[in-house]
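Work through these exercises with the model open beside you. Try each task before you read its solution.

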Amino acid sequence: MVTKEIQAFDLEQICSSGQCFRMRMTEPGSFRVTAGNRGLKLSQQGKKVTFFCTEEEFETVWKSYFDLEGDYLSCLRQAVSMDEYLAGAASMAGGIRILRQDLWEMIVSFLISQQNNIPRIQRCIENLCRTYGEKRESEDFSYYTFPEPEKLGNLEEDALKECNLGYRSKYVVRSARQIAEGSFSLERLKSMGYEEARGELRKLFGVGEKVADCICLFSLHHLEAFPVDTHIRQALALHYPGGFPREKCGGKEGIFQQYIFYYELHKEKEK
């Protein structure tokens, strides 16, 4: 068990920020997350966060996963200084971190996310892992690993409709096949800069600009990526009709995007 006091960190906000789909709040202040082939229980009281794992696992896995060495306080100060709308978004969503998630898992997750909502994406991914992943037991809960490309690439293109993926089944299966057969390299992608990686991702079947940007931001940690979905598009039209001032962001556009996304998703509930 590892307990840390962390500034600008809110597990509930991270859990409902739309960037991760295998994190759950089990009760107020308590959470569990499954990432790749690992599971973790966490709890938070104020700024104190407890990770129910060994010190070694915290240092080698979860510190990086939650981007705990990122300077988010300076991002919040910058957002507040930019304009009134972004200041309001940052004040509501200032506990969000950009997670460093598994690349293959993010490719599949955001292929599934197209024309979909968060609860349904979560169910699709849970179905996928239960059907094709391996069951594991942690000290606190059981979970299923995320299936490897080799396993999904051998399926018929419509096989994942049984997991409720619908037409997205062929996107996932074909992309898995590209990776399993070696025509697309995940390791090579990890060594690329943002623009090159964004273009390379478009070679995967079913990956468009928004999905590529989500993968770049939430796995490859290219913080200049700025995914535009319906919520972001509406916010930009209303508050930034001349375009979002990316030149003022210092390469942290993706963090501000998350503030805006969370704000647009939750502001009515907060009111």
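## Exercise 1: Closed space

Exactly one cavity of 30 Å³ or more is counted. A cavity is a set of points on a 1 Å grid over the protein atoms alone where a 1.4 Å probe fits but cannot get out. Grid points are joined across faces, edges and corners, and a volume is the space filled by probe spheres set on the points.

Before you start, note that this is a predicted model: local features need pLDDT of at least 70, side-chain atom pairs count only at pLDDT 80 or more, and totals for chains, interfaces and linings use all residues. Residues are numbered from 1 along each chain as its sequence is written, and side-chain values use heavy atoms, with hydrogens and water left out.

**Task.** Find the volume of the largest cavity. Then find which element gives the most to its lining.

**Solution.**
- Step 1. The largest cavity holds about 40 Å³ of space.
- Step 2. List the lining, meaning residues with an atom within 4 Å of a point. Among them are Cys20, Phe21, Val33, Tyr65, Gln101, Glu105, Met106 and Ser109.
- Step 3. Look up the elements. Helices (H or I, at least four residues) and strands (E, at least two) are DSSP runs, numbered from the N terminus. β3 (30-35) and α5 each supply at least two lining residues.
- Step 4. α5 gives the most, with three residues.

## Exercise 2: Open space

**Task.** Which residues lie nearest the centre of the largest pocket?

**Solution.**
- Step 1. Use the rule. A pocket is an open set of points with protein on both sides within 12 Å along at least five of seven lines.
- Step 2. The space in the largest pocket is about 530 Å³.
- Step 3. Its lining has 25 residues, and Ser113, Asn116, Lys210, Asp229 and Thr230 lie nearest the centre.
- Step 4. The elements that give two or more residues to this lining are α6 (118-132), α11 (209-218), α12 and α13 (253-270).

## Exercise 3: Two sides of a helix

**Task.** Which residues of α12 are buried, and which on the other side are exposed?

**Solution.**
- Step 1. Set the cut-offs. Buried means under 20% relative accessible area, exposed over 50%, and partly exposed in between (1.4 Å probe, protein chains only).
- Step 2. In helix α12 (residues 230-239), the buried residues are Ile232, Ala235 and Leu236.
- Step 3. These residues cover an arc of only 100° around the axis, so they sit on the same side of α12. The arc is that of the directions from the helix axis to the C-beta atoms.
- Step 4. Recall the rule: an α-helix has 3.6 residues a turn, so residues three or four places apart point the same way.
- Step 5. Gln234, Ala237 and Leu238 are exposed on the other side of α12.
- Step 6. Check the start of α12. There, a side-chain oxygen of Asp229 comes within 3.3 Å of the backbone nitrogen of His231.

## Exercise 4: Nonpolar cores

**Task.** How many residues are in the largest nonpolar core, and which helix gives the largest share?

**Solution.**
- Step 1. A nonpolar core is a set of buried Ala, Val, Leu, Ile, Met, Phe, Trp, Tyr and Cys residues joined through side-chain atoms within 4.5 Å.
- Step 2. The largest core has 75 residues, and Ile107, Leu160, Leu201 and Tyr259 have the most contacts inside it.
- Step 3. Helix α5 (residues 103-112) gives the largest share, eight residues.
- Step 4. A second, separate core of 23 residues includes Phe9, Cys15, Val33 and Leu42.
- Step 5. Take Leu201. Contact means heavy atoms within 4.5 Å. Beyond its neighbours within four places in sequence, Leu201 contacts Ile107, Phe184, Leu189, Val207, Ala212, Ile215 and Cys216.
- Step 6. Now take Cys15, in helix α1. Cys15 counts as buried because its relative accessibility is 14%. Leaving out residues up to four places away in sequence, Cys15 touches Cys20, Met23, Arg24, Met25 and Phe31.

## Exercise 5: Positive phi

**Task.** Where is Ala8 found, and where does Asp67 lie?

**Solution.**
- Step 1. Most residues other than glycine have a negative phi.
- Step 2. Ala8 has a positive phi, near 50°. Ala8 is in the loop between β1 (2-5) and α1 (11-15).
- Step 3. Asp67 also has a positive phi, of about 50°. Asp67 lies in the loop between α2 and α3 (72-82).
- Step 4. Ala8 counts as buried at 16% relative accessibility. Asp67 is buried, with a relative accessible area of 7%.

Conventions. A polar contact is a pair of N or O atoms within 3.5 Å; within protein, one must be able to donate a hydrogen and the other to accept it, and residues adjacent in sequence count only if both atoms are side-chain atoms.
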